[in-house]
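User: Hello! I am new to this structure and would like to learn how to read a few of its features. Could you guide me?

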Amino acid sequence: MEQHIRFQDVSVSYGTQVALQDISLEIPRNQIFGIIGPANSGKTTLLKCINRTIDFIGSAKVQGQVQVDGQDVNRLRNVYDLRRRVGMVFPLPVGLPLTVYENVAYAPRRAGLFDRHELDALVEKCLRQAVLWDEVKDRLQTLGTKLSGGQQQRLTLARALSHRPEILCLDEFSIAIDPVTTMKIEDVLLELKQEMTIVLVTNLVQQAHRLADHTAFFNNSQLIETGPTEKMFTEPDDKLTYAYVTGGFG
Amino acid sequence: MPEADANREPSPPRPWSMLRTFHVAVDWCEPLVEWIIRICGWSAILFVFAIFFFVFREGSEMLLGGLDLKEFFTSPNWRPDSVVRPQYGILALLAGTISVTGLAMLIAVPLGLGAAVYVAEFAGPRSKETLKVVIELLAAIPSVVWGFIGYMVLGPIIIWATGAPVGINVLNGGIILALMSVPIIVSVSEDALRAVPDSYREAALALGASRWEIVSRVLFPAAKNGLLAAVLLGVGRAIGETMAVLMATGHAVQIPHSLLDPVRTLTATIAAELGETVSGEEHYGVLFVIGIVLFAIAFVVNLTADLVVKGIRGEKHD
């Protein structure tokens, strides 16, 4: 099994507060990798290390190595190129102050796709994959910020898919989306893993169970356990993990 | 037990009872405070109307009767002191105001917005604080000092650099006005840029946008109301400024043909001539009509701003 992303002794701290402690983790290619754990356990920080948006937080200090395709992301010359290879969906939906169409067409156009028909087709495809097309097809020219919370969240998903990323990081993508639509998106994700590696941070333990091939459990800035999802949910090595996945945590 | 309580001697006043009295008093004062605040709020409107009423009353006689309005707006001849036939044409003054303000905005808007983007997005914490303090200091310089700088410092520099016969002209006034408007534009637009949530920046960053793209594609659209307000405050300051332009523009009544021609503005005319007139005479009234014109310009600028801002909002709400 080929490794796509690799964390080697990664520690992150914000000032005096430790967010991640000595994490070593391998994420296989073309799989869905679930990350579960209580709030404040470092899950989001882990994602931010992958595309180096962590640089944006002034107080953050990163130690150790993060490799994507065997390359150390901190040694990359073009960090923007890395970010274009990684799609990112944040827990709180962020519709950029552009129209719905432009939100999705932004990244491909940046990459040099200007043909109107191709662009239209791509936008439609991405919006369909995010299960948003039917709701917005008649108002592609309204501002993205005008959509409802759940729609904006799906818009960010469509936007993340628009640049055909190799890695898709989903941070609580279903937080504002109803269960029926969530199920539809989950089906899409299962198809998408043919094309890309998906890192799924979720508070819904069952969502990880349904989707993930491998799962990692984080608690208190530390990686408690990682393994195939089936094993994690039936006979984990650590009793904390068992307590968390069965709902007896605390 | 209530019986036992009744038999007990009255207890000495407890320490918090005075505080309690105070709180009761505060409750009573509540409506009073509310009224004071209400008056503060409405007084702004009251003052605007009072000023308008006063200016209009002084100028109304000339505006409605004595003044040839066609000549007033179309003639470049401003000869209020002529014994033979006084002429009141403000075309040249209007051209002076517009040219100086226009030039000032051409310089100040890019400079101010650029500085705001730098301070809000690119500067490190240290240089950010320093820059903000210095820029605010710039705003605190009195306009007469600016006029002095224009007259004594910038004038000779312009003569030396361009070979113009006089250093106080449109260019000089424009630069001075630009420097006076920049601090306002910077501080208001910096606030507007900082008010854009960080999540926008992060989202754009995650799409692989460069820092300049974040500024141009995300921050500017998100902050455009605030940026527009900043620019219009700058325009307002430039149009209304009197002392600095009086000193820096040369105060010559003519329609400028180049940047190096001296001009005279509407505001400077009022400031310079009002002291020489007699209350109630023709010249005095005409100066107040100029005041009404300035009022109208300010009104149009503000109204435009309002409509543009509403237009932007309307777009958002469909």
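Analyst: Gladly! One idea to begin with: two strands pair if DSSP finds at least two bridges between them. Please keep in mind that this is a predicted model.

User: How many bridges join β4 and β5 of chain A, and in which sense do they pair?

Analyst: Strand β4(A), residues 60-68, pairs with β5(A) over two bridges, in the antiparallel sense. Across from A:Val68 you will find A:Gln71, which belongs to β5(A).

User: What holds strands together in general?

Analyst: Strands of a sheet pair through backbone hydrogen bonds, either parallel or antiparallel. Here, chain A has an open sheet of four strands, with antiparallel pairing and the order β2-β1-β4-β5.

User: Which strands of that sheet stand at the edges?

Analyst: They are β2 (17-28) and β5 (71-72) of chain A; each has a single partner strand, so one side of each lacks a neighbour in the sheet.

User: Now a single residue: where is A:Leu204 found?

Analyst: Look in the loop between β8 (197-201) and α8 (205-211) of chain A. A residue is buried if 20 or more other C-beta atoms lie within 10 Å of its own, and exposed if 12 or fewer do. A:Leu204 has 17 within 10 Å, so A:Leu204 is partly exposed. A:Val245 is 41 residues away from A:Leu204 in sequence, yet their C-alpha atoms are 9.7 Å apart in space.

User: And how many residues does each chain bring to the contact?

Analyst: Chain A brings 20 residues and chain B brings 15. On the chain B side, α8 (198-206) and α9 (211-222) each give two or more residues, and α8(B) gives the most, with seven.

How values were computed:
Residues are numbered from 1 along each chain as its sequence is written. Chains are lettered from A and ligands numbered from 1 in the order in which they are written. This is a predicted model: local features need pLDDT of at least 70, side-chain atom pairs count only at pLDDT 80 or more; totals for chains, interfaces and linings use all residues. Two residues are in contact if their C-beta atoms, placed from the backbone, lie within 7 Å.
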